Amino acid sequence: MGRFIVLLMVLFSIGLTLSACKGEKDRGPNPYGTKSLIPQSSYAMLIVESESCIYCKQLDRDLQRDPQLQKAVEGIDVLRLLAESNARVRYRLDGKEGESTEEDLARALGVRAYPHIIFYNSQGEIILRIPGYAPPKTLACVIRYVKEEFYKKENINQFLQREGCV
């Protein structure tokens with residue numbers, strides 16, 4: 001009986017440890033520090049996601065496995081924001097610079113659907129928002145639209161139609 005109780009206590013503590021570690025990958029290299037959403041590259045792709053979102057998980061798989069998407073994101077910062085997280089983030093977005101929780105920033109950005117992808121430049125100017133999931137082919141074209149600065153010349157819908165991305 002004593003061994004059974006010890007075994008239960010060990011399993012319980014392992015479970016607590018695993019649940020406490022969940023989501024640390026989204027906090028950056030220092031889980032106790034502040035994650036930066038300020039791009040190091042000319043452009044950033046901020047993915048606002050929710051823990052319960054199946055399309056967010058699909059987007060994550062697409063980014064890991066699809067060669068076309070992997071090539072498209074080269075040279076652009078891919079950043080993540082977890083809408084339910086109280087982790088601290090530094091940001092420069094939409095004409096504002098500051099620090100807040102991930103949850104508060106998602107709310108301030110008006111995100112209501114997940115995933116919600118926001119493309120912005122190094123100055124924090126928002127270029128484009130994609131509310132919801134986009135298939136890899138379409139998303140690769142959208143990334144190209146931003147990186148190659150087609151957004152300065154034409155509408156995203158015209159670009160996607162002309163390029164055969166939809």
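This is a selection-by-selection tour of the structure above.

The model is predicted: local features need pLDDT of at least 70 and side-chain atom pairs count only at pLDDT 80 or more, while totals for chains, interfaces and linings use all residues. Residues are numbered from 1 along each chain as its sequence is written, and side-chain values use heavy atoms, with hydrogens and water left out.

**The four-stranded sheet**

Select residues 43-49, strand β2. Strands here are DSSP runs of E, at least two residues long, and helices are runs of H or I of at least four residues, both numbered from the N terminus. Two strands pair if DSSP finds at least two bridges between them. β2 belongs to an open sheet of four strands in the order β3-β2-β6-β7, with mixed pairing. The edge strands are β3 and β7 (126-131), each of which pairs on one side only. On average, neighbouring strands of this sheet are turned by 20° against each other, direction ignored; axes are lines fitted to C-alpha atoms, for helices over the stretch in contact, and angles run from 0 to 180 degrees between N-to-C directions.

Add helix α2, residues 54-65, which packs on the sheet and touches β2, β3 and β6; contact means heavy atoms within 4.5 Å. The direction of α2 makes about 145° with that of β2.

Next, add β3: β2 and β3 run parallel and are joined by six bridges. Label E49 and find L82 of β3 opposite. Strand β3, residues 77-82, has five of its six residues buried (under 20% relative accessible area; exposed is over 50%, partly exposed in between; 1.4 Å probe, protein chains only).

Then show β6, residues 116-121, which runs antiparallel to β2 and is joined to β2 by six bridges. The bridge partner of V48 in β6 is H116.

**The nonpolar cores**

A nonpolar core is a set of buried Ala, Val, Leu, Ile, Met, Phe, Trp, Tyr and Cys residues joined through side-chain atoms within 4.5 Å. In the largest one, of 26 residues, select M45, I117, F119, L128, L139 and I143, which touch the most other members. The elements β2, α2, α3 (67-72), β6, β7, α5 and α6 each supply at least two residues of this core. Helix α5 gives the largest share, seven residues.

Centre on L128: leaving aside neighbours within four places in sequence, L128 is in contact with I117, I118, F119, V142, Y145, V146 and I156. Apart from the largest core lies another, of 16 residues, including L46, A83, Y91 and A106.

**The aromatic cluster**

Select Y145, F150 and F159, which form one aromatic cluster. Rings of Phe, Tyr and Trp (its six-membered ring) pair if their centres lie within 6.5 Å; planes under 30 degrees apart count as stacked, over 60 as edge-to-face and the rest as tilted. A search of the whole structure finds four aromatic pairs. Y145 and F159 make a tilted pair, 5.2 Å centre to centre with 50° between the planes. Y145 lies in helix α5 (residues 136-147) and F159 in helix α6 (residues 156-163), so the pair ties together parts that are 14 residues apart in sequence. Both Y145 and F159 are buried. F150 and F159 are also a tilted pair, at 4.8 Å centre to centre and 40° between the planes.

Finally, show K153, whose charged end sits over the ring of F150, 5.0 Å from its centre (NZ of Lys or CZ of Arg within 6 Å of the ring centre and within 35 degrees of the ring normal).
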